[in-house]
Every structure is written in structure tokens, then in C-alpha cells.
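Please explain how this structure is put together, taking its helices, its sheets and a few single residues in turn.

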Amino acid sequence: MNVAVCDDIKVVRQGIVAECENLREVSNADFEIFEYDNIRDLIEALSNIDILLLDIEIGDESGIDVKNYIEENRLDIIIIFITSYDRYVKDSFGLNVLGFIDKSEVKEKLSSYLLKAVELKSEDNYVIEGLNMRNVKYVQSDGAYVRIFADDSREVLHRVSMNEMETTLAEYDFCRAHRRYIINFRYVDKIISVGHGKKYVVIDDKRLKISDKYLYKFIEAYKQYCIRNLREF
């Protein structure tokens, strides 16, 4: 597993690297650490990065642009922003973003965020029908099968009941929204109300209905997911 630290200020970057090295030693987490002081070199190395500790302002460039590039290209990289510019927090939310740490709080907060990221990447080997379930948007019932929709446009059939699938995926931030749908919170763009209070999950441009039966559980679970991952609800 590879962890990258990108900050254009050498002393800050080295301080973050030192905290990563200390965490690796005391936790026995297995990862390599790489340093970058500019976005150009970072972009070229993204294919080999699993976890990215990223500043928001890097010289005249923006870490937000890196986040957008990672998400637009569907790269499976967990991002933790480390910055002093809290006015950009809202813009730093995103699909791949685990959290936001102020530079003054690195010693207090980095270890918990980084251990969580390592844990998530270690769980990434959960695969069904050749699909890493972290990269699945939602699951839909299809007779005696379920149809699995991945973020790379693949669709596969898997012979299992929706109830069994719901139980299996519960620990992976999936939640049942309807008798036909199990949603991956990671891909939820927003939840909207349409006519007479009916709720829908929006994933890309697709609307998936939340039935009354699952509404309360789904909304509460999604709210907790947003809190854990510093996402807007």
C-alpha cells in the first residue's frame, strides 16, 4: 500500500511524513510513504497511490483540482485533505474524500484518519463476480438474481436474494432503500423530494426511489455516513 504526501512547503511535508512514519511503527500498518511538492509530479504518480494526504493550496495550483481529476477518472484513491485554508472545506467534499484536517491538528488527528484509510483499503478485496464492491453504485433485484451496477458501466448478475445481499453489504456502507435497491452511500450525490414528499436518491443522473418502509433507516444511516466522512448531508 502506498501513501503519498503532497505539500509544497518542505518543513510541513516532512512533519506530516514523520507522523506517518511514527504511526506505521506503533500500529504495524504496512505502507510505503512518498513525497511530492507539486501537482505535476503527483498526477503522474497517481496510478501507484492508494492514500493521498493533500494540501489544498500548492503553490499557484489547487488540491481541489487533483481531487476532481481523481474522481473524474474513477481512480480508487482515498484523499485526506491537510490544510490551513478552512474556507475551502466545502469544495473539498467528494466521492474519494475521507476527511479534512487543519495543519495545526495533524498530531492529534492524522493517526485516526490514516488508520481508517488503511483499514478501508485493506477491505477493498471484497469482490463479487469480479467486481470490487467499493466501486459498485447500487444493486437492483432481478428475479432470482441481483444486478450489480459498477462505476465503470459494467453490469453483472449474481444469484443471491436481496435479503442475503443486504446483510452481506451492510458493513460496507450499503443500505437498502427499496425492495428493489441497495445503495452504496459512496455514490449518493443527493437525496431529493419529489411530489407529496416522496424521496429519491440521485446517483449521477439516475433517480432511485426510497420507499416508505426503508425511509427512516436509510436517511439515518446516510446521515451517520456523512458525519463519519465529513460530507454534506
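A crossing of two helices is called left-handed if the near helix is turned anticlockwise from the far one by less than a right angle, and right-handed if clockwise. By that rule, the crossing of α1 and α5 in this predicted model is right-handed. Helix α1 covers residues 10–27 and helix α5 residues 106–122; the two pack at an angle of about 55°, and their axes are 10 Å apart. Angles from 65 to 115 degrees count as roughly perpendicular and those under 35 as roughly parallel, so α1 is oblique to α5. On the α1 side, the residues in the contact are Ile-16, Glu-19, Cys-20, Leu-23 and Ser-27. They meet Val-106, Lys-107, Leu-110, Ser-111, Leu-114 and Leu-115 of α5.

The sheets come next. Strands of a sheet pair through backbone hydrogen bonds, either parallel or antiparallel. One open sheet has 5 strands in the order β12-β11-β10-β14-β13, and its pairing is antiparallel. The edges are taken by β12 (155–158) and β13 (174–178); each has a single partner strand, so one side of each is left without a neighbour in the sheet. From one strand to the next, the twist averages 25°. Within this sheet, β10 (residues 136–142) and β14 (residues 181–184) run antiparallel and are joined by 3 bridges. Tyr-138 has Ile-183 in β14 as its bridge partner. Helix α7, residues 212–228, packs on the sheet and touches β13 and β14, with its direction at about 150° to that of β13.

Another open sheet has 3 strands, ordered β15-β16-β17, again with antiparallel pairing. Here β15 (190–194) and β17 (206–210) stand at the edges with a single partner strand each, so one side of each has no neighbour in the sheet. The twist in this sheet averages 35° from one strand to the next. Strand β15 pairs with β16 (residues 198–203) in the antiparallel sense over 5 bridges, and the bridge partner of Ile-192 in β16 is Tyr-200. Helix α7 appears here as well: it lies across β15, β16 and β17 and runs at about 110° to β17.

Two residues in the edge strands of the 5-strand sheet can now be placed. Is Arg-176 buried or exposed? Arg-176, which is found in strand β13, has a relative accessible area of 5%; the limit for buried is under 20%, so Arg-176 is buried. Its side chain is joined to that of Glu-166 by a polar contact of 2.9 Å. A polar atom of the Arg-176 side chain also lies 3.0 Å from the backbone oxygen of Arg-179. Leaving aside residues up to four places away in sequence, Arg-176 touches Met-162, Asn-163, Glu-166, Tyr-181, Ile-182, Tyr-214 and Phe-218.

His-158 has its place in strand β12. With a relative accessible area of 19%, His-158 is buried. Its side chain makes a polar contact of 2.9 Å with the side chain of Glu-129. Beyond residues up to four places away in sequence, the residues touched by His-158 include Ile-128, Tyr-145, Val-146, Ile-148 and Met-165.

Two loop residues have a backbone feature to look at. Ser-153 lies in the loop between β11 (145–150) and β12. Its phi is near 80°, a positive value in a residue other than glycine. Ser-153 counts as exposed, at 68% relative accessibility. Asp-173, in the loop between α6 (162–169) and β13, is not a glycine either, yet has a positive phi of about 65°. At 24% relative accessibility, Asp-173 counts as partly exposed.

The last residue is Asn-38. Where is Asn-38 placed? Asn-38 is in the loop between β2 (32–36) and α2 (39–45), and it is buried, with a relative accessible area of 15%. The side chains of Asn-38 and Asp-37 make a polar contact of 2.7 Å. Not counting residues up to four places away in sequence, Asn-38 touches Cys-6 and Ile-58. Gly-59 is 21 residues from Asn-38 along the chain, and the C-alpha atoms of the two are separated by 7.6 Å.

Terms used: Residues are numbered from 1 along each chain as its sequence is written. This is a predicted model: local features need pLDDT of at least 70, side-chain atom pairs count only at pLDDT 80 or more; totals for chains, interfaces and linings use all residues. Side-chain values use heavy atoms; hydrogens and water are left out. Two strands pair if DSSP finds at least two bridges between them. Helices (H or I, at least four residues) and strands (E, at least two) are DSSP runs, numbered from the N terminus. Axes are lines fitted to C-alpha atoms, for helices over the stretch in contact, and angles run from 0 to 180 degrees between N-to-C directions. Contact means heavy atoms within 4.5 Å. Buried means under 20% relative accessible area, exposed over 50%, partly exposed in between (1.4 Å probe, protein chains only). A polar contact is a pair of N or O atoms within 3.5 Å; within protein, one must be able to donate a hydrogen and the other to accept it, and residues adjacent in sequence count only if both atoms are side-chain atoms. Angles under 35 degrees count as roughly parallel, over 145 as roughly antiparallel, 65 to 115 as roughly perpendicular and the rest as oblique.
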